[in-house]
Amino acid sequence: MKAGGKSRRKYALRSLRSQLLARTLLILALLLVLIGFLQYFLMKDFLYRSRAEAMDTQLNSIPADLLIKDSQEQSGVTAPQEQTNRRNNRPGPFLFWPDMSLASIDIDGTFQSLSNENGLKPPRLTIEQYHAMQQSKRMRHGYQLITDAQGKEQLVVFRPLGPPDRSFGLLQMGVSTTSMQEQLINQLRTFILLSLIALAIGLALMLPVLRRTLVPLSKMVEAVKRIDAGNLAERFDAEQGQYEVDRLAVSFNGMLERLEHSFAAERELQMQMRRFIADASHELRTPLTSIHGFLEVLLRGAASNPKQLQSALESMYGESKRMNKLVSDLLLLAKLDRTPELKLEDMSLDALLLEMKPQLLMLAGTRKVVFDMTAGIRVLAEGDKIKQVVLNLFHNAVQHTDMERGVIQVNLSAGKKLVDIQIRDNGPGMSKEQLERIFERFYRGDESRTRSSGGAGLGLAITQSIVEAHGGNITAESTPGTGSVFKVTLPLAGTV
């Protein structure tokens, strides 16, 4: 039970829905944290600057005679004794704001607090800092954060005493930052609370949205479960309104289509292989049985009879030639089934047919042979293989035409990209069923005629394999009673 619960938790953490939800909320939380920090620092600077501007306005509103009573300070020329009197005549503390401090600094750096007992004690800088501040013209702009003797942070602004061209010192005003810090903390707490509420609302809203968004993926998962080697017809909807899911569906459909074709081709290949093995076994068994029978006759005593011996030897020789031809054809087909290694060369096809003309006339015997060839046709091919194609088709035409009335036509023509070789006869022709299977291995349209001539039904299959290895195509047309025509199409040289 514990193992099952652990696996479910592990699955939940690894699910796409939980990962999308967790990562979305994490990004949202990080953005809220970043916004909170920016808001805190920007608000802090805004509050401090606003308070500093207000304090600067307050300093400018304080009358100068409340701070300095000695009229000689206006002239800028005072004796040491007069300076002492000026300091003695300075009014005492008069500021009563409890969270503020006020102080004056003379030109020589003398520091005097102007805050009463209820006010804050003003923080002090070094004499060098005050001197540098009096010489700076940017004193009115900005503020400073200074910690006083009690360890409290104050926001402090400064104002020169006297006219701009003749300063008698500095006036320093400070205010405690405690109230502003509390205001910032309250705003930060409010922001954190609102952020948590926003995350909770986002979580509640994201769950159903993600569930609906991932429905197409869930459907695909269910469809994949239904797919196996015997059921590859399943297809996914490629228009579900989500670009990525649609692309995935298209890719899956393409993969399933390729798999379906591959399995269909594999099944067809297996069926062909079984049929091929059965036919090859049958074709080999027939001559082997014949040879075995002749050997038994010879062993019973026929070997002592010269006539019977000669007849048996001639029959066994014929059967052995037939077996040898069958094995050679099978080896050639097996080689062509693999990637054929052709020795292609640019050659003249009409010259090749003219070279074969005497051999074709010899095969035809008393039959009439008509040649109609276009000159100057060149192809990229292996000469011996093309000769074998022509010989196979011509020999097939010879077998199916009458010796006296037979007419065989050999035509060669070319188009823009393709060249056609046609071998036509006036034999009995073939039916539609025969045409559909004419290029199958071991298929014989006329069983008795083919067997008597020593054929095994592999010639046209070999011819088709050779033509397709050259990038061409072979077709057959026939009408019963009028003859047949075999058409070989090859690409012209330079178009491949």
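These legends walk through several close-up views of a predicted model.

**View 1. Three aromatic rings gather in helix α2 and its surroundings.**

A search of the whole structure turns up six aromatic pairs. One of them is F37 with F41, a stacked pair with ring centres 6.5 Å apart and 15° between the planes. These two residues sit four places apart in helix α2 (residues 16-61), so about one helical turn separates them. Y40 and F41 meet in another way: their planes stand at 80° and their centres are 5.4 Å apart, so this pair is edge-to-face. Put together, F37, Y40 and F41 make one aromatic cluster. Is Y40 buried or exposed? Y40 counts as buried because its relative accessible area is 18%, and the cut-off for buried is under 20%.

**View 2. D45 and R49 make a salt bridge along helix α2.**

The structure holds six salt bridges, and here the side chains of D45 and R49 meet in one, at 3.1 Å from N to O. Side chains of opposite charge can pair when their charged atoms come close. D45 and R49 are four residues apart in helix α2, which means about one helical turn lies between them. An α-helix has 3.6 residues a turn, so residues three or four places apart point the same way. Both ends of this bridge are partly exposed: D45 has 33% relative accessibility, and R49 has 43%.

**View 3. D346 and R378 link two strands by a salt bridge.**

In this bridge the closest N and O atoms of D346 and R378 are 3.1 Å apart. D346 belongs to strand β6 (residues 345-348) and R378 to strand β8 (residues 378-381), so the pair ties together parts that are 32 residues apart in sequence. How exposed are the partners? D346 is partly exposed at 45% relative accessibility, and R378 is partly exposed at 40%.

**View 4. E440 and R437 pair up in a salt bridge.**

Here, too, the closest N and O atoms are 3.1 Å apart. E440 is partly exposed with a relative accessible area of 27%, while R437 is partly exposed with 37%.

**View 5. S101 reaches Q154 through a polar contact.**

S101 has its place in strand β1 (residues 100-106). With a relative accessible area of 0%, S101 is buried. Which side chain does S101 touch in a polar contact? The partner is Q154, with 2.8 Å between the two side chains at the contact.

**View 6. A nonpolar patch lies on the surface.**

L193, L194, I197, I201 and L205 make up this patch of about 500 Å². One of these residues, L194, lies in helix α5 (residues 178-213). L194 counts as exposed because its relative accessibility is 53%, and exposed begins over 50%.

**View 7. Helix α13 and the hairpin of β11 and β12.**

Helix α13 (residues 459-469) has these buried residues: L460, A461, I462, T463, S465, I466 and V467. After α13 comes G471, with a positive phi near 80°. Strand β11 (residues 473-479) pairs with strand β12 (residues 483-491) in the antiparallel sense, over seven bridges. Which residue of β12 is the bridge partner of N473? It's T489. The two strands, β11 and β12, form a hairpin with three residues between them, and in the turn G481 has a positive phi of about 95°.

Note on methods:
Residues numbered from 1 in each chain as written. Predicted model: local features only at pLDDT ≥ 70, side-chain atom pairs only at ≥ 80, totals over all residues. Heavy atoms only, no water. Patch = residues over 30% accessible without salt bridge, like charges linked within 9 Å, V, L, I, M, F, W, Y side chains within 5 Å. Areas by Shrake-Rupley, 256 points an atom, 1.4 Å probe, with all protein chains shown as cover. Salt bridge = Lys/Arg side-chain N within 4 Å of Asp/Glu carboxyl O. Buried < 20%, exposed > 50% of the residue type's maximum accessible area, 1.4 Å probe, protein only. Phe/Tyr/Trp six-rings, centres within 6.5 Å; stacked < 30°, edge-to-face > 60°. Pairing = 2+ DSSP bridges. Polar contact = N/O pair within 3.5 Å; in protein donor to acceptor, adjacent residues only side chain to side chain.
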